[in-house]
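This briefing introduces one protein chain to a reader who is meeting it for the first time. Please look over the sequence and the structure below before turning to the points that follow.

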Amino acid sequence: MRYCNLDFKSSTFYFIKKMSLPQIVVEYLSFVPVVIMSALWISNLFIQHLGHLPSVNWNNLLASIPTVLAAILTKNLLVIVLVGVFSLAFIQIIF
């Protein structure tokens, strides 16, 4: 069962790679990574308290500042991830 599911996924990518998608679909799919990363970022900036308003996760907020700056300046995913990981580690060591 697991092999069949993996085979289906890989064949889907193969067919999409071989055929050309309409420009509107390509443009729509280009926003998917941005939306996913934004949703993950916003969900980690707040701490949920049932029955109350969420509070800010200050460590993640402070770590996101150099990470966003690295994203704007470099547009390199490896640099962004490394800056994010190291800035969060540095902030957690300090606080």
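A good place to begin is the meeting of two helices, where Trp 41, Asn 44 and Leu 45 of α3 are in contact with Asn 60, Leu 61, Ser 64 and Val 68 of α4. Sorted by character, the residues of this contact between α3 and α4 comprise 4 nonpolar, 3 polar and no charged. The model is a predicted one, and the points below move from the chain as a whole to its helix pairs and then to single residues.

**The chain as a whole**

- The protein chain contains 5 helices and 2 strands, and their order along the sequence follows the pattern α-α-α-β-β-α-α.
- Of the 95 residues in the protein chain, 12% are buried, a class that takes in residues under 20% relative accessible area.
- Among the contacts in the protein chain with a separation of 6 or more, 27% join residues that are 24 or more positions apart.

**Helices α3 and α4**

- Helix α3 spans residues 32–45, and its axis comes within 9 Å of the axis of α4, with the two crossing at roughly 145 degrees.
- The crossing in which α3 passes α4 is left-handed.

**Helices α4 and α5**

- Helix α4 covers residues 58–74 and helix α5 covers residues 77–94, and their axes come within 8 Å of each other while crossing at roughly 155 degrees.
- Angles over 145 degrees count as roughly antiparallel, and α4 and α5 are therefore roughly antiparallel to each other.
- The crossing in which α4 passes α5 is right-handed.
- On the α4 side, the contact is made by Asn 59, Asn 60, Leu 62, Ala 63, Pro 66, Thr 67, Ala 70, Ala 71 and Thr 74, while α5 contributes Val 79, Ile 80, Val 83, Gly 84, Ser 87, Leu 88, Ile 91 and Gln 92.
- Divided by character, the residues in the contact of α4 with α5 are 10 nonpolar, 7 polar and no charged.

**Single residues of α4 and α5**

- Thr 67 is found in helix α4 and has a relative accessible area of 16%, so this residue counts as buried.
- When residues up to four places away in sequence are not counted, Thr 67 touches Ile 80, Val 83, Gly 84 and Ser 87.
- Val 83 has its place in helix α5, and with a relative accessible area of 25% Val 83 is partly exposed.
- Leaving aside neighbours within four places in sequence, the contacts of Val 83 are with Pro 66, Thr 67 and Ala 70.
- Val 83 and Ala 71 are 12 residues apart along the chain, and their C-alpha atoms are separated by 9.2 Å.
- Phe 90 also lies in helix α5, where its relative accessible area of 54% makes it exposed.
- From Phe 90 to Asn 59 there are 31 residues in sequence, and the two are 9.8 Å apart in space, C-alpha to C-alpha.

**The loop between α4 and α5**

- Lys 75 is found in the loop between α4 and α5, and at 68% relative accessibility this residue counts as exposed.
- The phi angle of Lys 75 is near 55 degrees, which is a positive value in a residue other than glycine.

**Strand β2 and Ser 55**

- Ser 55 lies in strand β2, which runs over residues 55–56, and with a relative accessible area of 26% Ser 55 is partly exposed.
- Not counting residues up to four places away in sequence, Ser 55 touches Leu 45, Phe 46, Ile 47 and His 49.
- With His 49 there is also a polar contact from side chain to side chain, in which Ser 55 takes part at 2.9 Å.
- Leu 45 and Ser 55 are 10 residues apart in sequence, and the distance between them in space is 8.5 Å, C-alpha to C-alpha.
- Leu 45 is also one of the α3 residues that meet α4, and its touch with Ser 55 links this part of the briefing back to the contact with which it began.

Note on methods:
Residues numbered from 1 in each chain as written. Predicted model: local features only at pLDDT ≥ 70, side-chain atom pairs only at ≥ 80, totals over all residues. Heavy atoms only, no water. Axes fitted to C-alpha atoms, helices over the stretch in contact; angles between N-to-C directions. Helix = DSSP H or I, 4+ residues; strand = E, 2+ residues; numbered from the N terminus. Parallel < 35°, antiparallel > 145°, perpendicular 65-115°, else oblique. Left-handed = near helix turned anticlockwise from the far one by under 90°. Contact = heavy atoms within 4.5 Å. Nonpolar A, V, L, I, M, F, W, Y, C, P; charged D, E, K, R; others polar. Buried < 20%, exposed > 50% of the residue type's maximum accessible area, 1.4 Å probe, protein only. Polar contact = N/O pair within 3.5 Å; in protein donor to acceptor, adjacent residues only side chain to side chain.
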